[in-house]
Structure formats: C-alpha cells, structure tokens
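These are my notebook entries on a protein chain that I looked up residue by residue and element by element. I began with the overall fold and went on to single loops and helices.

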Amino acid sequence: MKLYIARQPIFNKDKTLFGYELLYRNSEENNFPGIDDELATKELASNILTEFDFSLLTNGKYGFINFSKAILMSEVPLLFQPQNIVIEILEDVVVDKALIERIKFLKKKQYILALDDFVNDGRYETIMPFVDIIKVEYTLLSPEERKKVARRFKGVKRLVAERIETREDFSMALADGYDLFQGYYFSKPMIVSKSSITITQPSYFRLWREASKETPDFNELEEIIKVDVGLMHKLLGHLNTLVFYRGNRITSIKSALVYLGIKNTKRWIMLLLLREITGNENDELAKQSLIRAVFMEKLMEEMGRENDIQDAYLVGLFSKIDNALEGNLNVILNELELPNKTRATLIKGEGILGESLECIRNYEQSNWGEVAEFAQKYGLNPEYIPSLYLFSLEYADKVFRC
C-alpha cells in the first residue's frame, strides 16, 4: 500500500526556504480528495508520525499542518515536537471558551500557532495574543484589504502571503510588508510517496506481542497506543461501534482497553494487523476474513470445543492472508508469529479446525451437500449453519463501520 503527502514550500523574503505546508493526499493525483477536514488531518498526522520522517519531509525546517477544532482539542498536536511544527488553525474554526483555553495551553507548551486564510473581521481577537503567524490568501483579497492586514500586524506577527502566482504578486506582497511567501510562482505542492510498511509495522507488532502474553500489561499497551495517533483514532472508533459501545464515558486509552477487556483487545489488535497487511483497498478481504473468524469461533462453541475457540478464530481471521499478499504462506505466517496450531491448520488444513475452515469455504461457494455432511459428522443442526453465517456477517458489518 502506498502513502502520499503533498508539500508546498514557504519562502523568506530572500527566497530561502522557511518551511513546507504539509497536505493530505490519497493518490498520485495532486489535489485534495474532498474528504472531511478532521479525517484528513488524522490521516495526515498518522502517516507523518508512523511512516514518514518529519525532519526529512521538511528538510529540518518548519512543517505547517492544518488542524480542525476537534483535532486541536485532542491529543494529536502533542504528538509533534513543538520546535518543528506550525499548527494552522483553520478559517472555519469557531472561537469559544474551550478553544481559547486550548490555544493558551498549546502556547504554554511552546507550540507555534498560525491563523489560516485570515480575514480581518474581528473573529480571532480573543486568541490573537497567542498567534505567531498570520496566513493571508493574498491574491483573493483586494489591494486595500491586504495592505490593511500588513499595516496592522507588520513587525508584530509573521505574515504569510499565500497564492502568490506571479513575480508581480511577489513584488507587491514584499512591498506591502509580508514576511513569508507561498504559491505557484515558487512551486506547486509536490507529492511525496512511499510504500507503507506492512508486516513489519512496529506499533502493530509491539501491540501483538504484548497482547499475546498470558497476562498482558494494560499500561504497556497504553504506552504503545499513545505514541501512534492512528492507533488512538482506531481504538476510539472501534469503541463507538454498536458491537462494543454502550454509552460508557471513556476518559483515557487505558480505560478504553479495560472496557474492551483482554479478549476483545486482542481481537482488535489482530484485526488491525490484518487490515494493515491487506491494505485499505482490500478492506473487503479483511471483512470476509472476520466473518470466517466469527463463524469458526461459533462452530467451536456449538461443538463444545472451548479449548479450540481462540485458534479457530485466528484460523478464520488469517485464512485469506496468502490471497492478500500473494506470497509464500509459510513465510508470511512465520513473520506473523501465530501460534503453532493456527499455523499448522492454515498450512496443512488438517483436523477439526481444517474441516471447519473447509465448511465455511463450501458455504461461501454454495456447496450445500458438503456443508450438510460436515453438520452430520459433528452432530450439528443443518439449519444452524445459515443462521451462524448471518450472525457473523452482521457482526463484521458493525465492526467495519468504524
């Protein structure tokens, strides 16, 4: 799976590099995909923190990132070091008491704050003392409006003239008293991409290894999740599904994990790992794998095989892994460090777990005779199989809404 970020340089008066605005992209098409601002910021922050080297992205200069109000109020800004990020407050953010307190807090933590697409209409007066940089869409304002902004803030705030399209735009902004310059005259946003680390993603494997212990340490799990904005977002999204959330107030990552319980925490981590491996474009494959996992778990419960439930779930969950990666199954399973019984079933297809996996494959392919034979062999009511599949399908639908 490939990840994309666009960056557009911001220059000083002498055309030396001051920093880059970092922009969300989800393909090589160099335009914003039109998704929700909050989601875009979450994805961008997650990609920067887990996949890209921030200092390499910005050449050791400042990185400007847009923040919606919801993200400003979250823990996401604190995951970045204050010395190299500029937090841009979006133009549609409504200033209220909670936001003012948050801005004060971030300023106390020495973060650099900028107002994006500034309009000099008084809406930001209460937070203006804490703002360091003002960005103006220069060529969209009238000559008098942009001069008015410059007269008011020159020497007090750093002024960025955005949308500088021509040499004449640059000369006028320079004459008006602007300090920094951004726009197509200098450079369009340029795409930076890389292949996502999949099976070797450090955060997921640290989670996997801790959760696989007989008595996992919730404090350790919390520490792993806290430093990965993507994991934080996914955990909270998971809790908000109909499957788990029952209106309880979740106040911390640890309380979220405790609320899930170790069994469901382990399964959440397994599913995260599977989705990371298969990639977003193959989410349907991950969903089908979850259906199989639940199906096989319920089969073991019906047959009274309590000791096989966990392995059955894992067999179902990772039964399509070779389809997703198109690689050697043995090598893939070794990298995943799955339990020996699970790996043996997936490779050889033997025993009751192998037969159960074959049962769901036959069900998927409408091979009703083989499904009936399996039910008869293990004393199951044949009518139980369709209801079990429907339950598994509904469960997976709920989980994949997050």
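Before placing any residue in a loop, I note that helices (H or I, at least four residues) and strands (E, at least two) are DSSP runs, numbered from the N terminus. On that basis I located P129 in the loop between β5 and β6. I record at the outset that the model is predicted.

**Entry 1: overall figures.** I found 18 helices and nine strands in the protein. Of its 402 residues, 50% are buried. I also looked up the contacts with a separation of 6 or more, and 65% of these join residues 24 or more positions apart.

**Entry 2: strand β5 and its partners.** I asked which residues of β5 (residues 112-115) point which way. I112 and A114 point one way, L113 and L115 point the other way, and all of them are buried. On one pairing, I found β4 (residues 85-89) running parallel to β5, with four bridges joining the two. Within this pairing, L115 of β5 stands opposite I89. I then followed the chain from β4 through helix α4 (residues 97-108) to β5 and noted a right-handed β-α-β crossover. In the other pairing that I looked up, β5 and β6 (residues 133-137) run parallel and are joined by two bridges. L115 appears again here, with I134 as its bridge partner in β6.

**Entry 3: P129 and S187.** I asked of each whether it is buried or exposed. P129 has a relative accessible area of 59%, so it is exposed, the cut-off being over 50%. The C-alpha atom of P129 is separated by 9.7 Å from that of K157, which is 28 residues apart from it along the chain. S187 is found in the loop between β8 (180-181) and β9 (190-195). Its relative accessible area is 17%, and S187 is therefore buried, the limit being under 20%. I set aside the neighbours of S187 within four places in sequence and found it in contact with Q8 and P9.

**Entry 4: positive phi values.** I looked up two residues that are not glycine and yet have a positive phi. For K15, phi is near 65°, and the residue sits in the loop between β1 (2-11) and β2 (17-25). K15 counts as partly exposed because its relative accessibility is 37%. For N59, phi is about 55°, and its place is the loop between α2 (54-57) and β3 (62-67). The relative accessible area of N59 is 46%, so N59 is partly exposed.

**Entry 5: helix α12.** Why is α12 (residues 309-317) described as largely enclosed by the rest of the structure? I found that eight of its nine residues are buried, which accounts for the description. The buried residues are I309, D311, A312, Y313, L314, V315, G316 and L317.

**Entry 6: helices α16 and α17.** Two packed helices are described by the angle between their axes and the distance between the axes. For α16 (residues 351-364) and α17 (residues 368-377), I found that the axes come within 8 Å and cross at roughly 145°. The crossing of α16 past α17 is left-handed. From α16, the residues that meet α17 are E355, S356, C359, N362 and Y363. Their counterparts in α17 are W368, E370, V371, F374 and K377. I sorted the residues of this contact by type and obtained five nonpolar, two polar and three charged.

Note on methods. Residues are numbered from 1 along each chain as its sequence is written. This is a predicted model: local features need pLDDT of at least 70, side-chain atom pairs count only at pLDDT 80 or more; totals for chains, interfaces and linings use all residues. Side-chain values use heavy atoms; hydrogens and water are left out. Axes are lines fitted to C-alpha atoms, for helices over the stretch in contact, and angles run from 0 to 180 degrees between N-to-C directions. A crossing is left-handed if the near helix is turned anticlockwise from the far one by less than a right angle, and right-handed if clockwise. Contact means heavy atoms within 4.5 Å. Ala, Val, Leu, Ile, Met, Phe, Trp, Tyr, Cys and Pro count as nonpolar, Asp, Glu, Lys and Arg as charged, and the others, Gly among them, as polar. Buried means under 20% relative accessible area, exposed over 50%, partly exposed in between (1.4 Å probe, protein chains only). Two strands pair if DSSP finds at least two bridges between them. A crossover is right-handed if, with the strands pointing away from the viewer, the path from the first strand over the helix to the second runs clockwise.
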